[in-house]
Amino acid sequence: MMWTIRVRTMLSAWVVLALAGLLVVAGCGSAPSTQGAAGQTITVYSGQHEQTAQMLVAGFTAATGIKVALRSGGEAELANQILQEGSASPADVFYAENPPALEALREKNLLSPVDAATLSAVPAAYDSPQGQWVGVSARSAALVFNTAATSEAQLPASVLDMAGPAWKGKFGYAPTETDFQPVLTAVAKLKGTDVVKQWLADLKANAKVYPDNETLVAAVNSGEIATGLIDHYYWYRLQRELGPDKTASALHYFGPGDPGSLVDVSGAGVLASSKNNAAAQKFLAYLVSKPAQTIIGTSDSYEYPLGSGVITSQPLRPLDQLHPPALSVADLGDGRSSLAMLQQAGLL
Amino acid sequence: MTLIGRRVPLPLLGAGLVTAAVVALPAVFVLAEAGGVGWAQARTLLLRSTVVHLLGSTAALTGAVTALCIVVGVAAAWCTERTDLPGARTWRVLVVLPVAIPEFVSGYSWVSLTRAVYGFGGAVLISTLSLYPLVYLPVAAMLRGRDPTQDQVARSLGLGPGAVFRRVTLPQILPALLGGALIVGLHLLGEYGAFAIVRYPTFATEIFTEYNLGFDPGAAALLSVVLIVLCVALLGGETRLTGAARQARIGGGAARQVSPVRLGRLTVPVLAGFAGLATLALGVPIGSLGYWLIRGGSTTLPPASIWAAAGYTLTLGAAAAAAATLLALPVALLAVRHHGRLTVMLERSTYLARALPGVVVALALVFFALHYVPIVYQSAPLLILAYAVLFLPLALIALRATLTQIPPGLAEMGRSLGRLPITVLVRVTLPLLGPGLAAAAALVFLSTTTELTATLLLRPTGLQTLATQFWVYTSGLAYGAAAPYAALMVAVSALPTYLLTRRIDPLSASAT
């Protein structure tokens, strides 16, 4: 029967194709992990802006001859992956977006001390208190507002005021973002547990929840909501994508010492299980060096460089004109306490 | 009912057990991790008002979307396979294509189009539009492989088209329909991305939060146990409904030209319905991609590596389709041909991983690979295995539905003529299973091309697929640069969809 023959031909063709596919994939799959005979390769797990990370890796390889296998992903997924991998992790370096991801690894003794010279290239306030990871770049919490819906003059000096009934339905935030946790912890540390409970209760009653900062900043720009709590660079990235003529929003920084003025750090650490500790330390040293910090200061990630005296060339309010609250990285913890607060408030 | 049915060939039983063991890994991992959580933490985690609320919202969404997918999927399948719908071949491709559009793409397109999609209604709309092909494909394969003369006989005996559908067609497509509905329901339990975008929190959202904010695998695992319980409930429901429904016909195609049902005056409304479906499910996301391609500030010529990414997506998809279909085949044969309590339980157990969020399945494989076979860690074979575990149920429902239509007598006759079981399998069962195998492979391939979570965690370092590159750009808000990758994702899936709907068209074959 014609039909049966066709099906059989199709099946055998398919089996051959699939087997060939398996072979090809297996071949290609093993290719990236084979080390070049010329030099050493380190593996970097990066939760950072991918294009910037690629530029940094290229600069590092050009400077040292050490090759880098770059593995990009969400910082939380990568941290969970390393927690599962434990001492068998193939990663040499973890380059995160926020301290909690690094602190979660430090608490499980999965990080090793960073070279003192590397730590000293960055102001001590931005490094791990135990010297287990180094701060590489920083971002500031800020309020993005739709310029048609409200004006700078109407905006308060404290993020605490944004939860009140006056802003009901006009303030958005993303509680499941790793960027929101440090702000919440800052409120708790600076104002006490009673204030943070009330603030969360007010947020629940009045504010709108967004899944992530990318969605939130776009919603403010489109006028869907008047204001939103984000990190500054989300607005710059959106502006770059839309162009100035379609940008209908602006950034407002909260007052000096306010929890909403928090400056948060992206850092990197070397895994305790790394078999390439020396090369991994060199990568960290490179990240805080002048060339790398210049890449960060000029890239599309729009973050603040922290080390080696590099000042950003992006149109950002300079880092020394920000007035963050006096909180150390240790004060911000590993994020578990802020998760508990969110769950108790019924927000998660 | 006996334990394992009649005369089970031991190699078949062995192969089925291997599949079940592999697919059970994530569930075993979840139970082991959850076991490490203390009672006090377990109580605070599970007895929260949020949890009750999320259970309700997850159940409401699952019920509504599954029901809608059945209506849309079955109606579309019947029209393209049984009526004189103009352009049926084109519609067959178009109605399947939405499966190739990642839910984070369709979710984002809808949100940028209208704010009305936030919340329950939007979540139902977007999920239905991307999931109904999971009902359409197995039902269409079933209708295609089924002898249409029964419909004609029923019609000649005076039944109207509605009655023919209800009394003849529906009972025969029921296994395919229920299988598809089951997959839709399980998918909804574990889905995260689309619901996060339209702000409809479900249980899976909560599990992601435990990982993302708490770095607490134990708590995430404990919440995943709840999903396993919900999954077992769905499986139990489907088992009861399916029962021992078995359909059989004699002969592999009965090579008879059957005149399709005439739509007549209904042609225009039905065509309008198909056009509307295609506009909502395909037009909106593709239109939004086009917009970003033209207007996005980051739009540049995509780098040459886009072709490499497309190549990896294709080969990974083909390999995953092969692996999942091969793993599913013994399970389907056991469940249908050797129907018994043990074989049914074995088949049911392979669905468990489908209800777990991708991140849970991926982390489970991270754990098992590193502890037992470290050499495969972050290699392509492990990633392919992950796809197979995640999407095996898709292959299974397609195979199971088709197998129930093949009379077991044919294979028994082969064996009575002295052929080895394996010869009978290759010469008799597999050719008859053609449409089912094709639908199985297509479903797995299409789902693999858009998979992101497991791909990010398990891919070989440095390997980029279209989905991972799309994610890289969108997470940097560079929608213009991301759009070509999503467009290629759809294009890569279009080709196999088209070929599959053509090659297994029994009408074109029986014309000779």
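Where is Gln378(B) found? In this predicted model, Gln378(B) sits in the loop between α17 (358-372) and α18 of chain B. Its phi is near 55 degrees, a positive value in a residue other than glycine. That's worth a second look, because most residues other than glycine have a negative phi. Is Gln378(B) buried or exposed? With 26 other C-beta atoms within 10 Å, and 20 being enough to qualify, Gln378(B) is buried.

Chain A has a loop residue to set beside that one. Asn109(A) also has a positive phi, near 60 degrees, and again the residue is not a glycine. It is found in the loop between α4 (99-107) and β4 (111-112) of chain A. Here the surroundings are sparse enough to change the label: Asn109(A) has 10 C-beta neighbours inside 10 Å, so it counts as exposed. The cut-off at work is 12 or fewer for an exposed residue.

Back in chain B, the helix that follows the Gln378(B) loop has a packing partner. Two packed helices are described by the angle between their axes and the distance between the axes. For helix α15 (residues 305-337) of chain B and helix α18 (residues 380-403) of chain B, the angle is about 45 degrees and the axes are 6 Å apart. These two helices are therefore oblique to each other. As for handedness, α15(B) passes α18(B) in a right-handed crossing. Sorted by class, the residues in this contact are 24 nonpolar, one polar and one charged.

Another helix pair in chain B can be read in just the same terms. Helix α6 (residues 103-113) of chain B and helix α7 (residues 120-131) of chain B have axes that come within 10 Å and cross at roughly 135 degrees. What does that angle make of the pair α6(B) and α7(B)? They are oblique to each other, and their crossing is right-handed.

Now for the strands of chain A. Strand β1 (residues 41-46) of chain A is mostly covered, with five of its six residues buried. On one hand, β1(A) is joined by six bridges to strand β2 (residues 67-72) of chain A, and the two run parallel. Within that pairing, Ile42(A) has Val68(A) in β2(A) as its bridge partner. On the other hand, three bridges link β1(A) to strand β3 (residues 93-95) of chain A, and this pair runs parallel as well. There, Val44(A) stands opposite Val93(A) in β3(A).

How do β1(A) and β2(A) fit together with a helix? With helix α2 (residues 50-64) of chain A, they make a right-handed β-α-β unit. Gln48(A) lies in the loop between β1 and α2 of chain A, and it is buried, with 23 other C-beta atoms within 10 Å. In sequence, Gln48(A) and Ser266(A) are 218 residues apart, yet their C-alpha atoms are 8.2 Å apart in space. Thr64(A), placed in helix α2 of chain A, has 16 C-beta neighbours inside 10 Å and so counts as partly exposed. Thr64(A) and Phe254(A) are 190 residues apart in sequence and 42 Å apart in space, C-alpha to C-alpha.

Strand β8 (residues 227-231) of chain A gives another view of burial. Five of its five residues are buried, so the strand is largely enclosed by the rest of the structure. In a regular strand the side chains alternate between the two faces of the sheet. Which residues of β8(A) lie on each side? Thr227(A), Leu229(A) and Asp231(A) are on one side, with Gly228(A) and Ile230(A) on the other, and both faces are covered.

The pairings of β8(A) come in two orientations. Strand β5 (residues 134-146) of chain A is joined to β8(A) by five bridges and runs antiparallel to it; Ala142(A) has Ile230(A) in β8(A) as its bridge partner. Strand β6 (residues 171-173) of chain A is joined to β8(A) by two bridges, and here the strands run parallel. In this pairing, Gly172(A) stands opposite Gly228(A) in β8(A).

One last stop in chain B is Thr19(B), in helix α1 (residues 10-23) of that chain. It counts as buried, with 27 C-beta neighbours inside 10 Å. Thr19(B) and Gln405(B) are 386 residues apart in sequence and 23 Å apart in space, C-alpha to C-alpha.

Technical notes. Residues numbered from 1 in each chain as written. Chains lettered and ligands numbered in written order. Predicted model: local features only at pLDDT ≥ 70, side-chain atom pairs only at ≥ 80, totals over all residues. Axes fitted to C-alpha atoms, helices over the stretch in contact; angles between N-to-C directions. Helix = DSSP H or I, 4+ residues; strand = E, 2+ residues; numbered from the N terminus. Parallel < 35°, antiparallel > 145°, perpendicular 65-115°, else oblique. Left-handed = near helix turned anticlockwise from the far one by under 90°. Nonpolar A, V, L, I, M, F, W, Y, C, P; charged D, E, K, R; others polar. Pairing = 2+ DSSP bridges. Right-handed = clockwise from strand over helix to strand, strands pointing away.
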